[in-house]
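Me: Could you walk me through how to read this one, a feature at a time?

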Amino acid sequence: MNHSSVPPREVARAVVWVESMTRQNRALPSSLVACAMERRLAEGDAPGAAALGELAPRDARCGLAFARALQRLGRREQALALLEPDVEDSPKLRWAKQGLRWRVWVDQGDADLAAGEADSSGVDAAEPDLLAEAGEGIAIALLWGAYAALTQGDTQRATERLDRAESAVARASSAAAQG
């Protein structure tokens, strides 16, 4: 959902409404709840996003937002549990989960594990079609793969991954604009 054309006050009111309805156990589309959680995260309110995540529907997008909130709160084991691969994950979600998992491992002091998995994941060899299809998800993986490489002193690999992340976002944006 693009909030750029909606006045900030209205977005804030919508987030509060979603939170209220969720606390009242009202059935809302998970996309609305995930959007509210993502908004809280964008505002730097990880506790608010996590509180909503505790009540959120158990679907992929809500789970990823909840994992991001838990990671930011230092609740790494809980975040990792939500980031386990699922055969039904879309490529976009699979890559986003992988990337966030690498970030959590670095946070835990397991940078070697994160860098090793990023190196063996195939993220560096992703074809242009996958960059467009997995868009934001693969960009997240590339970003956190670059972070893992930096922790190992590999600035060249980090730079290459950041360049590919930028390309993935551009391709995904172009594909979305073309409908």
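**Reading the model**

Reply: Let's start with one residue: Arg 157 is found in helix H9. Helices here are DSSP runs of H or I with at least four residues, strands are runs of E with at least two, and both are numbered from the N terminus. Keep in mind that this is a predicted model, where local features need pLDDT of at least 70, side-chain atom pairs count only at pLDDT 80 or more, and totals for chains, interfaces and linings use all residues. Residues are numbered from 1 along each chain as its sequence is written, and side-chain values use heavy atoms, with hydrogens and water left out.

Me: Is Arg 157 buried, exposed or partly exposed?

Reply: The idea is a cut-off on relative accessible area: buried is under 20%, exposed is over 50%, and partly exposed is in between, using a 1.4 Å probe and protein chains only. Arg 157 has 27% relative accessibility, so it counts as partly exposed.

Me: And what does Arg 157 touch, leaving aside neighbours within four places in sequence?

Reply: Contact means heavy atoms within 4.5 Å. With those neighbours set aside, Arg 157 is in contact with Asp 119, Asp 124 and Ala 149. Trp 105 sits 52 residues from Arg 157 along the chain, and their C-alpha atoms are separated by 18 Å.

Me: What else can I look at in helix H9?

Reply: Try Ser 173, also in helix H9, which covers residues 155-177. Ser 173 has a relative accessible area of 46%, so it is partly exposed. Ser 173 and Gly 135 are 38 residues apart in sequence, yet 8.0 Å apart in space, C-alpha to C-alpha.

Me: Which residues does Arg 40 touch, beyond those up to four places away in sequence?

Reply: Place it first: Arg 40 lies in helix H2, residues 30-42. Its relative accessibility is 15%, so Arg 40 counts as buried. Beyond that sequence window, Arg 40 touches Val 15, Val 16, Glu 19, Asp 45, Gly 48 and Ala 49.

Me: How do I read a polar contact?

Reply: Look for a pair of N or O atoms within 3.5 Å; within protein, one must be able to donate a hydrogen and the other to accept it, and residues adjacent in sequence count only if both atoms are side-chain atoms. The side chains of Arg 40 and Glu 43 make one, at 3.2 Å. Asp 59 offers another pair to inspect: a polar atom of its side chain lies 2.9 Å from the backbone nitrogen of Cys 62.

Me: Where is Asp 59?

Reply: Asp 59 is in the loop between helix H3 (46-55) and helix H4 (60-72). At 28% relative accessibility, it counts as partly exposed.

Me: What about Gln 71: buried or exposed?

Reply: Gln 71 lies in helix H4, and its relative accessible area of 8% makes it buried. Outside four places in sequence, Gln 71 touches Ala 79, Leu 100, Arg 103, Val 104 and Asp 107.

Me: Zooming out, how many helices and strands are there?

Reply: The protein has nine helices and zero strands. Buried residues make up 39% of its 179 residues. Among contacts with a separation of 6 or more, 57% come from residues 24 or more positions apart.

Me: What does the radius of gyration say about the overall fold?

Reply: It is taken over C-alpha atoms, and the globule rule is 2.2 Å times the number of residues to the power 0.38. For 179 residues a compact globule would be near 16 Å, and the protein's 17 Å agrees. The C-alpha trace spans about 50 × 40 × 30 Å along its principal axes.
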